Amino acid sequence: MQRLLQVLLAGLSASTLVHAQGAPVGPLPREVTPTHYRLRLTIDPRKADFSGETTIEVAVHHATRLIWLHGMGLKVSAVSVTVGRRQIPARYEEVAHEFGVARVTTGTSIPAGNATLHFHYSAPFQETGQGLYHTQIANEWYAFTQFAAIDARRAFPGFDEPGFKTPFDLTLIAPHGDRVVTNTPEISAARIKDRMVRHEFQTTRPLPTYLLAFVAGPVDIVELPPIPPNAARATPLPLRIVAAKGQGPRTAFAGREAPKLLSALEAYFGIPFPYPKLDLIASPLEGGAMENAGAIIFDESLLLFGDHPPPRQQQRFGGVAAHEMAHQWFGDLVTPAWWDDIWLNESFAEWMGVKISDAWRPDLGIQAEQMRQTLAAMDTDALRAGRQIHQPIKNNAQISGAFDDITYEKGAGVLGMIESYLGEERFRQGVRLHLQRHPYGIATAAEFFAAMAEGSGDPGVIDAFRSFVDQAGVPLVTVSAAPDGRSLTLAQSRYRPLGSEGADTELWKIPVCVDVITAAHNSKTCSLLTSRTGTLALGPDAVGAVIHPNANGAGYYRFAVDAGTFKGLLAAAPKLPPREALSLADSVGAAFDAGKLSFTDLLAAAGVLATYPDRTASLSLGNKLLSVRNRMASSDERGPLEKRINAIYKPRLQAVGFDPSAAHYARDSSEQQLLRGELIRIVAFGGRDAEVRHALAQAADRSIDDPKALDPGIRGTAWGVAVQELGKPFADKIEPFVFTSTDPQLRQDAVAGLAAAEKPPVTEAARELVLDKRTDVTSTARILFVQMNNPVTRQAAWQWFNTNQEAVLARVPASLQFFLAKLGDPLCSKAERAQFDAALGDRLLKASGGELEVGRTREIIDDCAALKEKLAPELKATLVTAQ
């Protein structure tokens, strides 16, 4: 058999798909490691394929005839290995599975020492936002890249792992008239044959493959004033913004504000920006942003909004831009050795981005928004089907699952808790020490913890840190006051929603800090709870005081208190600091989800908090009530529940006003404008208020000829209400914006409006947009999620998706397909759980990250069904019988 196989393989071309037994499913072997790349790519975005020449200098640590590396969908026409002056013929073979493991084999042994791999190949442009992809914008073609996490292998053969950091020499050949951008400044451009131009770039600093970036096409390049020197950086830093042709003028706000964020980051780290220039690049298919070294690629909706964007866009820009810039140090300058430490990148960048952007514009409520997201991550973390922040990743199929809210939001919350406990300056010293020890290198979590222990001067806190990073789950801290009121008894357990079962074996080292609230002042008292129970001494000032068990909402835990303390907290709610009010709202909602708080008490708490000044805290329980309406209430109960929601939140909306016309409230604070937008959404969709809906629908209908006549902060909501109220005639008017508008926010608002449809034929036409290749699926997929969340459209949307499942999956990048499991999250019965498994769950188990996400959705459905069953008598009595 072996001889027959060798004969068959000998007749194959240089590039062959085979099934290679023994192929690594996780990290590549370290017998051969890269030391330098030379990439030469010919990129014409108008064509179906691109071509390349890749040269990789490698260190061969043991003589071998086999080199494992990565390549995916590459048509390799020639490959060889050079050792000194000797060229060794070789064969390139791609392993026949979806993760792009490849091998180079030779007939004679490659000796230990230095060698060079040479590849000539071509490959298709991707049609979705992965690898090297092309897209058409207003009749012009462009090419962009998205290499994270493991898609550089779609563009060139290489060692596509974070632990392999090397310099790159880059040559990009593109048609005359196209402009080309990559990680480093261009050093030359020369015309060659066939109206092509060869662009040469500076050698990069050591980078992993996933941080490379290429852009080619007739882009606008806005040359901004260099960012001036500062205490950390001695020379000016070149700054540019890159956007599709004609979009340059829309980058004014981003160009003006980005230098402020970057300078603040340099001041925090005490280290100059690590790369020779910074480009901010707008792509229509990014769907977020990517921290490529010196060439950050954003979804165009995050950059292209002109000079005076509304507060929501300013908020998103600040948070995302600061996050990606923070990565230039944490992730790019110092890179994780393997994907199990990707949390070091993402948790830190999320926390740091919020810290910097909130200081930049405290009026936008960025820190409160991040806390809200961390609290939402607790819902994920509470599930049995969970994972720890520092999650072992043994194979490529698990990599995508590491990019979730546990990594981003739980990680950010835990970092914030540790900073609060240590103090800002001690925490920063640990961060700086870590970066100073590993510039342009790689580091592990253990090395990060060691630097934090030494830099902060408190080695003991690292055990607390690790107890949150190395195990899953959310602590529940139960607090009870001693009879004399001078101390608290603390007990820890694992928080679980109703329906979730499991042994309570977890034990955290929790920095518990409480806020003692008296008429005269607030005081913070902390203790490290390392056992199941503990005591926190408060002192004489605490007698008769209100006790908030999570000072400033900084702790990554939920709390439970006795009935008397709970009433005291609710009574004191108007005077609580914003983060403490939000922490209170979260613990109330969590008690409801655990079956420990009645629906009546939930309504009462929502009513108290609805008047709280801070937007995020005041509306938190309103969103919980919307979830009850959409997932648990019967058709008979929804109407009465809508009236309850309206009674709680419409008075606040009336107080701030709801005129939807543009500029009517332009002089209001950013917080007031954001509050108004969210209240309108709750009252219009959750409360179905006739007065508000009529005003929105009429204003929306008048806005068709001039969409800017509507307040951009509420335009999507207004168009959604108009689609519901005015039907197909109005939907037909806004649908063209999805295809023709050059304003990304306008396109998103049109999608939001169409997604809200509740009746055929508009619901059916909206779903078809998900498959329309003229649209960006990262935007139109929202239609499916909105229709699944709406009890009126859920069944039809589910049936449509089941029929078109493969077509939808084909439009979604492979690394993101697991996310579609969340379509099942609104389901809430045993029968619907079975439908999910049969139609989607079993299919997505095969996707990268799918096993974890499917397990979570199954549990979310089961937990909802358990709570729905428990609540059924009370919902009926409260909402139907009592009417």
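Start by selecting residues 278–283 and 295–299 in this predicted model. These are strands β18 and β20, which run parallel to each other and are joined by five bridges. To see the register, highlight two residue pairs across the strands: Asp279 sits opposite Ala295 of β20, and Ile281 faces Ile297 of β20.

Keep β20 selected and colour by burial. Five of its five residues are buried, leaving the strand mostly covered. In a regular strand, side chains point alternately to the two faces of the sheet. Here, Ala295, Ile297 and Asp299 are buried on one side, while Ile296 and Phe298 are buried on the other.

Next, add β19, residues 289–290. β19 and β20 are antiparallel and share two bridges, with Ala289 paired to Phe298 in β20. Four residues lie between the strands of this hairpin, and Gly294 adopts a positive phi near 70 degrees.

Now zoom out to the whole sheet. It is open, with five strands in the order β16-β17-β18-β20-β19 and mixed pairing. β16 (220–227) and β19 are the edge strands; each has a single partner, so one side of each lacks a neighbour in the sheet.

Finally, bring in the helices. Select residues 252–269 for helix α2, which lies across β16, β17 (237–243) and β18 and runs at about 140 degrees to β17. Then select residues 311–327: this is helix α3, which packs on the sheet and touches β18, β19 and β20. Its direction makes about 150 degrees with that of β20, the strand whose two faces are both covered.

Technical notes
Residues numbered from 1 in each chain as written. Predicted model: local features only at pLDDT ≥ 70, side-chain atom pairs only at ≥ 80, totals over all residues. Heavy atoms only, no water. Pairing = 2+ DSSP bridges. Contact = heavy atoms within 4.5 Å. Axes fitted to C-alpha atoms, helices over the stretch in contact; angles between N-to-C directions. Buried < 20%, exposed > 50% of the residue type's maximum accessible area, 1.4 Å probe, protein only.
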